[in-house]
Each structure stands twice: as structure tokens, then as C-alpha cells.
Amino acid sequence: MAGVLRFAGGVLFLAAASLTLLPALTRTLWYASLAATEWGYFLAFAAVLPLIPTRARSRLGTLGALLAVAAMALFVSPVIRAQQMGRDLPAAFDTAFGAERRARGSSAEDPRPAPLVLMDLFRPPQSQPIRFETREYARYAGEPLTLDVYQPGYAHGPLPGVIVVPGGTWRGGDNSEFVAFNAYLAARDYVVLSINRRLAPRWPFPAARDDVLSALAFAKVNGPQFGIDPDRIVLLGRSAGGELALLAAYTAGDPAVRGVVSIYGGSDLQYEYEHPAPSMLVDTRTALEVYLGGPPAKREDAYFAASPINFVSAASPPTLLIQGALDRMVTPEETARLETRLRAAGVKHLTVNLPWATHKCDKSFAGPCGQMVTYAVERFLDGVTIPPEPQAPQPHGAKRRSKTARR
């Protein structure tokens, strides 16, 4: 009996650990995949159980123990792969966006020392207290739209602003997620505006995009109240929020937008409709039809207007894309299509591909994906929000010649 239990335990743990290598095709398996990939190093300890020796030895029990060893190796593999990626990631950022980084005030917390810090897997980084408040930034049909403001807890001068757009397949989502991430940035000399937005089907496209643009206008006009430099703003979104952040950044034509970050966000909605996720994972086509008012055959203009890939140009702001290789809600192929368009347009960009990760992988702030995302976003922000150097006054004639040269 003991051998049978050890075998059953080994099979169970190995089946769960296999989700670190295989994409999830159902909603239940997706949740299990998040546990296996982002908390798997804890599950590796549980997988020791089939290894506990018993008096009665059997081949079945020995096989169960071997399966448990294999499961343990798979459970810790995301951490190992994150460590390997972390060795090359700083150089990749230096190549894509330059090695210079924004200087921070003496009261700010230090940046992450590395993409993955092993101790942080068990003890997430702690930050000093920040200031928090909720403000109304727009109003539609008598209903307010609000945003949460995260800013350093100490006195500070003008700082870069980060507008965070929530996900939720356009029908859901609010700004209550990723609070630890927002606070982390605020403690490191950023002012974060985490917004709520209008939801489909009551408010179909372009309502949500317009909300992001309204938040951008709010940040430029009212941001100085919170210590935001209105000329240094970055848009950041996850999932559907990533699509909205990209779309607003590429269509706003605003030099104040210094960069945009899309974390597992879509970019080509007609491609998504034609290549939907497995139906037991998410109903991609219904979500798009609710958001855009129908299928592409009837709403071709809306699919085009809602797809950031169609608005990439040489003037697009620097772009950071973060994508999980096991993601089947927004696939690596879709992100690669946007990357190709950015490269062709000469836009500064970088795609951080996480080979073990699935959709919403940074839900665990301390996990391997959470740490890599935090490092990547922080490094990107530090590189694209460097304040311009003050120019020394020039004689009138010299100034005129300089303008002529620039022409």
C-alpha cells in the first residue's frame, strides 16, 4: 500500500510540474500553471513526500520516488531559467535603450540589484511608506472615473509619472491589482497613477482608449500637484491594458510620452480573432465582439483602429514588451509581429521573452516572473525618463545659426 501511495504521489507531482513546460489549454489548468511556474519552488518541498523511505520497499514505490525527483527539478526550473536570463538582461537593456540611467534622490529606495534575487523568492522586497490617495480624473454619464495616486512618502521635486492601465479583457478589471508593484515604483522616485476605465459592453471601443488619453491629459494638467513632471510620462498596461497603453502611446503624438510598456498585452486584434485562444481557456472571439461591436467582417474599421500594430511609426515612443512563451491568451506569435513592425520602423524597443511563463505570470510579486517584470520595468523607466540636460544660453546669432543647421 505504501508503494502505491508513493507512486500516486509521484505521478501527481510530476503532472503538476509538467505545466512548467506545457501551455495550459483550460481555465483550471491555467490557474494550476500559475502555481507551478511562479510558486513551484515551494511545491518542490512538498514533492519530497514520495521520497520518504518506508519499511516495505517495492518497485512501484521506487518509481514513484523517481517521478517525484523529476517533479522537483521541473518545479525549480523557472528559477534556474530566470537566473540564466538575468545574466544577459542588463546588457540587452543597455543595447536597446542606452546604458545611462536616471539619477534618483537620496531618499529613494535602491533599484533592484539583479533581475532575480534568490532571497526575494521567500521575502519580497520591502519599501518605505508611500503616500496614497484617490482622485477623479473624468466623468461620463454622471459617473466618475477614478485613479489611485502612489507617490513617495518624502518631499520631492518633479518626478516621472507612470500611468498604469488594468487588464480584464475589456469587460472587467480595475486598479485594485498589483498594489505592491505600484508602491514599489513610488518608493523609487516615480509617481504612479493607476486608473479605472470604462468597460464593455456598456462602453465599447473607443471608450477605454479615450479614458487612457484622458488620464494622460489629467497627468499633464494636474500631475504637478502630485509632483509629476508633465514632460516625462510612461504608459504601462497588462493584458487588455497593454493593448490600450500601446494604442494610446502610438496615437497620442505627444512628446511627453517617453515610453510605453505592454506586459502580455495584445497588439493586433484581427489576428487575435483569427487565431483565438483555446475555447476552454478564454472565449477570445466573444470578448472581441463585445469590445468592438461585432466580428471583423462587420467591424473591420474598429478592429483596425483598436490595433496598436497599425499605428507604429518612426515617431513611436520607446517600447518594452514582456511576453510569456506558454501564454495562449496573448500568444508569443502576436507579440513577435509587433516586434517586427517596431524594428522596421526603427523604434527603440526590447522584448523580454520568459520561456516558462504564462498569462498574468507576475501575479506573484516575489516569483521568478514577478521579479523579472519588476526589474525590466524599472530598468526601462530609468532609461527613458532621464531629464533633458539644461542648455547653456547662447548669443543671439549663434542661436539662429543652430536653428538653421537643424533645419
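Analyst: Welcome! A helix label such as H4 refers to a DSSP run of at least four residues, numbered from the N terminus. Leu60, for instance, is found in helix H4. Please keep in mind that this is a predicted model.

User: Thanks! How exposed is Leu60?

Analyst: Residues count as buried under 20% relative accessible area and as exposed over 50%, with partly exposed in between. Leu60 has 36% relative accessibility, so it is partly exposed. Together with Val4, Leu63 and Leu66, Leu60 makes a nonpolar surface patch of about 330 Å². Helix H4, residues 59–97, gives the most to that patch, with three residues.

User: How do I read a helix, and which residues of H6 are buried?

Analyst: An α-helix has 3.6 residues a turn, so residues three or four places apart point the same way. In H6, the buried residues are Ala207, Ala208, Arg209, Asp211, Val212, Ser214, Ala215, Leu216, Phe218 and Ala219. You can also check the length of H6, which covers residues 207–222. At 1.5 Å a residue, its 16 residues should span 22 Å, and the end C-alpha atoms are indeed 22 Å apart.

User: What should I look for in the loop before H6?

Analyst: Look at the prolines. Pro201 sits in the loop between strand E4 (191–195) and H6, and a cis peptide bond joins it to Ala200, with omega about 5°. Pro206 is found in the loop between E4 and H6 too; its cis peptide bond is with Phe205, where omega is about 15°.

User: Which residues touch the most other members of the largest nonpolar core?

Analyst: A nonpolar core is a set of buried nonpolar residues joined through their side chains. The largest one here has 47 residues, and Ile163, Leu235 and Leu292 touch the most other members. Helix H7 (residues 240–252) supplies the largest share of this core, eight residues. Apart from it lies another core of 43 residues, including Leu116, Val164, Tyr184 and Phe380.

User: What does Leu292 touch?

Analyst: Leaving out residues up to four places away in sequence, Leu292 touches Phe205, Leu269, Arg299, Ala302, Tyr303 and Ala306. You have already met Phe205, in the cis bond with Pro206.

User: Now the charges. How many salt bridges does a search of the whole structure find?

Analyst: Side chains of opposite charge can pair when their charged atoms come close. The search finds 17 salt bridges. One of them joins Asp382 and Arg104, with the closest N and O atoms 2.6 Å apart. Asp382 lies in helix H12 and Arg104 in the loop between H4 and strand E1, so the pair ties together parts that are 278 residues apart in sequence. Both Asp382 and Arg104 are buried.

User: Which other pair links distant parts of the chain?

Analyst: Asp268 and Arg337 also meet in a salt bridge, at 2.9 Å from N to O. Asp268 is in the loop between strand E6 and helix H8, Arg337 is in helix H11, and the two are 69 residues apart. Asp268 is buried, with a relative accessible area of 9%, whereas Arg337 is partly exposed at 36%. As for networks, salt bridges that share partners join Arg101, Arg104, Glu378 and Asp382 into one.

User: Last one: where is Thr169, and what is its phi?

Analyst: Thr169 lies in the loop between strand E3 and helix H5. Its phi is near 50°, a positive value in a residue other than glycine. Lys360 also has a positive phi, near 65°, and is found in the loop between strand E8 and helix H12.

How values were computed
Residues numbered from 1 in each chain as written. Predicted model: local features only at pLDDT ≥ 70, side-chain atom pairs only at ≥ 80, totals over all residues. Heavy atoms only, no water. Patch = residues over 30% accessible without salt bridge, like charges linked within 9 Å, V, L, I, M, F, W, Y side chains within 5 Å. Areas by Shrake-Rupley, 256 points an atom, 1.4 Å probe, with all protein chains shown as cover. Salt bridge = Lys/Arg side-chain N within 4 Å of Asp/Glu carboxyl O. Buried < 20%, exposed > 50% of the residue type's maximum accessible area, 1.4 Å probe, protein only. Expected span 1.5 Å × (residues − 1). Core = buried A, V, L, I, M, F, W, Y, C linked by side-chain atoms within 4.5 Å. Contact = heavy atoms within 4.5 Å.
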